[in-house]
Amino acid sequence: MHKRRFFGGIALIAAVSTGCGMATASPERGLIIPAEPTMISFVDPSLVEELTTRTLTAGDAGDRDVHIVYPQLKDAPDLNRKLGALAQAQLRRFIGSTVSEGSHPRPELNVDWQLTAAAADIVGVRLRTGEFAGATWANSLRTIWYDRSSQQVVDSPGLVTSLYPLTTIVREELRKRGSEVSYDAVRPNPDLFDSMAFNPAGDLVVEFDDYQVGPGALGRVAVSVPEEQAEPLLTETGRRAREAAKEATPSPAVSGTPVTSPPATSSRAGGVDCEKDKCVALTFDDGPGPFTGELLEQLKRAGARATFFTVGTNVAANPELVTDMREQGHLVANHTWSHRDLTKLSTSKITDAVARAQSVISAELGQAPTLLRPPYGAANKQVATIARRLGLSLVNWDVDTRDGHERNPAAVVRRAVAGAHPGAIILMHDVHRTTVQALPAILRQLAEKGYTFVTVPELYGSAGMQAGHTYTSGKRPLT
């Protein structure tokens, strides 16, 4: 797939205060604090040729919420296998360590990613994991490196020749920070040093997970080792990783600043009166992804339009697909930045998760989404209030094809066709192959029944949709 520069820019910055080395490593952590020296500038994924993403969702996880996304590079099959294996292992461990039945709120596993480097000779992938098991989020990091020179996948400890001298340096730095941080918890254990990267100055940055060296309330804890001090410790792979970080030119950071673009609309809206015609709205969540292009071709051949609820991180990696959606007459909408259940987040984090996605989508489209689908359909008063402030109507569904759980395309077709009715909002996902396999039959059979495929706002005609209200089907909002 051809990649073009994402003109709005995307560089997700992990920053910490210079005094403690602690701050927000992800949108869910709150506001970014621009500081040195543990700030890592990440590579714009839209600049990387032949990069796609893979998504794992709940599947057989029972009554749990799961959303795992990781990158795939055409010229790095060993890296792809490693990332896929890690994702499956995380999912199995999560299922084995949580109870699904009767848990409220439901357990949740969320994994997203960033590129710490993307050079001709080396690639770095930083996986960010959040787990919610009933009380609060626990966040962890793991950075995997692919050395193209040796064609080997290297875990972060492979950046250094030995963890023992590095442990001494890191312990001494943490000791200076006072009693909040448990420096004596640091041992030359590969599991403690599983997320290491470099800042733009070439300093080695060591990141710790929540609770590894202090209470979870501390947020991200990281230590930077100056380049001259780290140099004798680095392997050849470590030196290549350092040079890639120093040479990279990061894009401006994505923020949750107010969006002033005109409202997003379908370029082909109009001409359909859903008061008279049998209208149905096909909706696709979680993309864009590796199957989105094929799905768009199927819709194009059928002359059908749909609404795509896109995830901000995937838009950043595949901006050209979002443009294709707009140009083909579909409506692009907001599905948050990284697909975390908004009802488990604070007000500031809800705003950040929604506004970041709004900013990325608007930068590519030149239009601001007017619709928000909350992940897992989960919304509360806080979510509705924030949606209203951002000018977004909440959209759920009344027909669930369960395509994220189903491997049989025929079963997805049966659910879509059996559940369809005038005004129906049908839930599907453009990140699953099963969905792409099922879509031609869904389009054909619903067309034979006299249905017209429209975007969600067209279901409501001249009455329109109101920001902060929730819509599931038909003509009236729930709130």
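**Exercise 1. Two ends of a salt bridge**

Lys-344 has a relative accessibility of 13%. Decide whether Lys-344 is buried, partly exposed or exposed, then find out which residue shares a salt bridge with Lys-344.

*Solution.* This is a predicted model, so please read every value here as computed from that prediction.

Step 1. Buried means under 20% relative accessible area. Lys-344 has 13%, so Lys-344 counts as buried.

Step 2. Look for the partner: the side chain of Lys-344 meets that of Asp-65 in a salt bridge, at 3.9 Å from N to O.

Step 3. Place both residues on the chain. Lys-344 lies in the loop between β13 (331-334) and α8 (347-365), while Asp-65 belongs to strand β3 (residues 65-73). The bridge thus links distant parts of the chain, 279 residues apart.

Step 4. Check the other end. Asp-65 has 3% relative accessibility and therefore also counts as buried.

**Exercise 2. A salt bridge between two loops**

Find the salt-bridge partner of Asp-75, and say where the two residues sit.

*Solution.* Step 1. Asp-75 pairs with Arg-148, and their closest N and O atoms are 3.1 Å apart.

Step 2. Asp-75 is in the loop between β3 and α1 (77-97), and Arg-148 is in the loop between β6 (137-147) and β7 (152-155). The two are 73 residues apart.

Step 3. Asp-75 has a relative accessible area of 45%, so this residue is partly exposed.

**Exercise 3. From one pair to a network**

Start at Lys-246 and name its partner Glu-227's helix. Which residues are linked in a network of salt bridges?

*Solution.* Step 1. Lys-246 and Glu-227 form a salt bridge with closest N and O atoms 2.9 Å apart.

Step 2. Glu-227 is in helix α3 (residues 227-230), whereas Lys-246 is in helix α4 (residues 236-247), 19 residues apart.

Step 3. Lys-246 is partly exposed, at 34% relative accessibility.

Step 4. Now widen the view: the network links Glu-227, Glu-231, Glu-236, Arg-239, Arg-242, Glu-243 and Lys-246. For context, the structure holds 29 salt bridges.

**Exercise 4. An enclosed strand**

Work out how many residues of strand β5 (residues 122-132) are buried, and which strands pair with β5.

*Solution.* Step 1. Eleven of the eleven residues are buried, so β5 is largely enclosed by the rest of the structure.

Step 2. Consider the two sides. Ile-122, Gly-124, Arg-126, Arg-128, Gly-130 and Phe-132 point one way, and Val-123, Val-125, Leu-127, Thr-129 and Glu-131 point the other way.

Step 3. Strand β4 (residues 108-118) runs antiparallel to β5, joined by ten bridges. Asp-112 has Arg-128 as its bridge partner in β5, and three residues separate the strands of this hairpin.

Step 4. Strand β6 is also antiparallel to β5, with eleven bridges between them; here Thr-129 has Ser-140 as its bridge partner. This hairpin has four residues between its strands, and Gly-134 in the hairpin takes a positive phi near 125°.

**Exercise 5. Unusual backbone spots**

Which peptide bond is cis, and where are Tyr-211 and His-339 found?

*Solution.* Step 1. Recall the background: most residues other than glycine have a negative phi, and most peptide bonds are trans.

Step 2. The bond joining Gly-287 and Pro-288 is cis, with omega about 0°. Pro-288 lies in the loop between β11 (278-285) and α5 (292-302).

Step 3. Tyr-211 has a positive phi of about 75° and sits in the loop between β9 (204-208) and β10 (220-225). At 48% relative accessibility, Tyr-211 is partly exposed.

Step 4. His-339 has a positive phi of about 70° and lies in the loop between β13 and α8. His-339 counts as buried, at 4% relative accessibility.

Notes. Residues are numbered from 1 along each chain as its sequence is written. This is a predicted model: local features need pLDDT of at least 70, side-chain atom pairs count only at pLDDT 80 or more; totals for chains, interfaces and linings use all residues. Side-chain values use heavy atoms; hydrogens and water are left out. A salt bridge is a side-chain nitrogen of Lys or Arg within 4 Å of a carboxyl oxygen of Asp or Glu. Buried means under 20% relative accessible area, exposed over 50%, partly exposed in between (1.4 Å probe, protein chains only). Two strands pair if DSSP finds at least two bridges between them.
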